[in-house]
Amino acid sequence: MENIFWTNVISVLAAFIGSACFAVIYNTWGGNILCSALGGAIGWLVYLLTGPILQSDIAQTFAGTIALAVFCEIIARVRKAPVTGFLIVSIFPLVPGASIYYTMLHAINGENDLFLTSFIHTIGVAGAIAVGSLLVASIVRMTPWYHAPRAQSLPTPQKEVRP
């Protein structure tokens, strides 16, 4: 049991470090690097914690994407930065890289049955990422506090034109 715990801790740390490195590649500055990395770690932690409950990696990816999209929406407002910068970097641990690789490997080797199975699975995981982030973004934009009236600036005084 302890081995599984430490394996998951190392996995979440790897997601944090991977997201932080990805943030550096995307030229993210200062504290936004740590916030983006924390988002990646949160998404991967939710992915791991929902494994025994959901028992489907597509559903796990959906749950992880929802959790990190909510985190990114909140942290973007706190840091006064665009959500997209946090979301792109934080989604990195959930991207089905190995599935894409094996899908293409089966396609190149002419293994049609394995290719189709792997392709459908990869599309499912990618779709879960897209739908999860879109769902959170849509809900946030439909809430009334998002459209609260902003403070208007004072009108600038006009210069007098002298004849």
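This section describes salt bridges, a buried serine and a nonpolar surface patch in a predicted model.

Two salt bridges were identified in the structure, the count coming to 2. Side chains of opposite charge can pair when their charged atoms come close. In one of these pairs, the side chains of Arg77 and Glu73 meet with an N to O distance of 3.0 Å. Both residues belong to helix α4 (residues 57–79), where they are 4 residues apart, about one turn of the helix. Glu73 also forms a salt bridge with Arg141, the closest N and O atoms being 3.3 Å apart. This second pair links distant parts of the chain, since Glu73 lies in helix α4 and Arg141 in helix α7 (residues 112–142), 68 residues apart. Glu73, Arg77 and Arg141 are thereby linked in a network of salt bridges. Within this network, Glu73 is buried at 7% relative accessibility, whereas Arg77 is partly exposed at 30% and Arg141 is partly exposed at 34%.

Ser19, located in helix α1 (residues 2–25), has a relative accessible area of 0% and is therefore classed as buried, the limit being under 20%. Apart from neighbours within four places in sequence, Ser19 is in contact with Ser36, Ala37, Gly40, Val89, Ser90, Phe92 and Pro93.

At the surface, Val95, Ile100, Met104 and Ile108 make a nonpolar patch of about 390 Å². Of these residues, Ile100 is found in helix α6 (residues 97–109). The relative accessibility of Ile100 is 42%, so this residue counts as partly exposed.

Terms used:
Residues are numbered from 1 along each chain as its sequence is written. This is a predicted model: local features need pLDDT of at least 70, side-chain atom pairs count only at pLDDT 80 or more; totals for chains, interfaces and linings use all residues. Side-chain values use heavy atoms; hydrogens and water are left out. Patches are made of residues with over 30% relative accessible area and no salt bridge: like charges are joined within 9 Å, nonpolar side chains (Val, Leu, Ile, Met, Phe, Trp, Tyr) within 5 Å. Accessible areas come from the Shrake-Rupley method with a 1.4 Å probe; for residues, only the protein chains shown count as cover. A salt bridge is a side-chain nitrogen of Lys or Arg within 4 Å of a carboxyl oxygen of Asp or Glu. Helices (H or I, at least four residues) and strands (E, at least two) are DSSP runs, numbered from the N terminus. Buried means under 20% relative accessible area, exposed over 50%, partly exposed in between (1.4 Å probe, protein chains only). Contact means heavy atoms within 4.5 Å.
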